[in-house]
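Trainee: Hi! Could you walk me through this one while I have it open?
Mentor: Happy to. Let's put it on the screen.
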Amino acid sequence: MTQDLILFIVLAVIAVATAVSMLVSRNAIYSAMFLVLNFVTVAIIYLLLNAAFIAMVQVTVYAGAIMVLFLFVIMLLGAEKAASGDSLSWQPPLAILLGGALLMEFAYILFVRQKDLLPAMESVSKDFGSPASIGTLLFDRYLIPFEITSILLLVAMIGAIILTRNERKES
Amino acid sequence: MDIPTNYLLALSGVLFILGALGVLTRRNAIVIFMSIELMLNSANLAFITFARSFEDMIGQIMVFFVIAVAAAEVAVGLALIVAIFKTKQSIDVDQISSMKG
């Protein structure tokens, strides 16, 4: 067992533990903070996989911007406490049953059926996943999808403004 | 570098299932939304794993686009939740049933 594998196992345990904590927390703010921790843990796994640029994007955009937006909305609405009275009676056991079945299928496919078909991780060149090579690919081969993404973000921004605008001014 | 590809994909699968369980069992709309983010994140992990094991950076480009689309989705989704809260005074998905026949 090498350093990388030990590091990965520790990170995987932290990622699963924070995801479970996010699900069982009754306070939405705690859920959001556990999700931030999960995103940062996954970013460190990206670093292990030679994806330094994506790891930084994950920390700044996901753990930074998106989760701050979540925290803003939770605090704005005062919705951090879970509603009292649990009306979901039969759904959670069924969901856990179906999730368990899906997990068994994953385990079968990954560890029995496809065990030796997946390519092993060979060593890669030094500039694999570096910002310069990602940028070259992004602005050369994927220029049009990149520009379309900017239009998508503009549309989302306009949509968010229209959805939350104060309608009292019209009357 | 000798993390088996299987292990990374298994972690991705476990995170996806946890996200799906969150969507199915929680009633707070914001927590459901965060669970969807968790599922997107697990798909990103699978993309990065395959990019590394096939030594092809297109997987990382794909993750870049997924993150951009997730940012747009969060902006619109949270705006919808705020708009629903303004009219219903609740974000419990069990009570948002006005279109029920």
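Trainee: Thanks! What pattern does chain A follow along the sequence?
Mentor: Reading along the sequence, chain A goes α-α-α-α-α-α. Keep in mind that this is a predicted model.
Trainee: And how many helices and strands does chain A have?
Mentor: Chain A has six helices and zero strands.
Trainee: What's the radius of gyration of chain A, set against a compact globule?
Mentor: Chain A comes out at 21 Å, whereas a compact globule of 171 residues would be near 16 Å. Along the principal axes, the C-alpha atoms of chain A fill a box of roughly 65 × 45 × 25 Å.
Trainee: How much of chain A counts as buried?
Mentor: 24% of the 171 residues of chain A. As for contacts in chain A between residues at least 6 apart in sequence, 57% of them join residues at least 24 apart.
Trainee: Switching to the two chains together: how many residues does each give to the contact?
Mentor: Chain A gives 74 residues and chain B gives 60. On the chain B side, the elements that supply two or more residues are α1 (5-25), α2 (29-54) and α3 (58-88).
Trainee: Which of those has the largest share?
Mentor: That's α3(B), with 21 residues of the side that touches chain A.
Trainee: And how does that side of chain B divide into nonpolar, polar and charged?
Mentor: There are 43 nonpolar residues, ten polar and seven charged on the side of chain B that touches chain A.
Trainee: What about the largest nonpolar core, which residues touch the most other members?
Mentor: The core holds 66 residues, and the ones touching the most other members are Y46(A), I54(A), L15(B), I30(B), M34(B) and I48(B). At least two residues each come from α1 (3-24), α2 (28-48), α3 (52-77) and α6 (143-164) of chain A, and from α1, α2 and α3 of chain B.
Trainee: Which element gives the most to this core?
Mentor: α2(B) does, with eleven residues.
Trainee: You listed M34(B) there. What does M34(B) touch?
Mentor: Leaving out residues up to four places away in sequence, M34(B) touches M22(A), S31(A), A32(A), L35(A) and F70(A).
Trainee: Last topic, back to α3(B): how far does that helix reach from its first C-alpha to its last?
Mentor: It reaches 44 Å over 31 residues, close to the 45 Å expected at 1.5 Å a residue.
Trainee: And what phi does Q89(B) take, just after α3(B)?
Mentor: Q89(B) has a positive phi of about 60°.
Trainee: Great, thanks!

Conventions:
Residues numbered from 1 in each chain as written. Chains lettered and ligands numbered in written order. Predicted model: local features only at pLDDT ≥ 70, side-chain atom pairs only at ≥ 80, totals over all residues. Contact = placed C-beta atoms within 7 Å. Helix = DSSP H or I, 4+ residues; strand = E, 2+ residues; numbered from the N terminus. Nonpolar A, V, L, I, M, F, W, Y, C, P; charged D, E, K, R; others polar. Core = buried A, V, L, I, M, F, W, Y, C linked by C-beta atoms within 7 Å. Buried ≥ 20, exposed ≤ 12 C-beta atoms within 10 Å, placed from the backbone. Rg over C-alpha atoms; globule rule 2.2 N^0.38 Å. Expected span 1.5 Å × (residues − 1).
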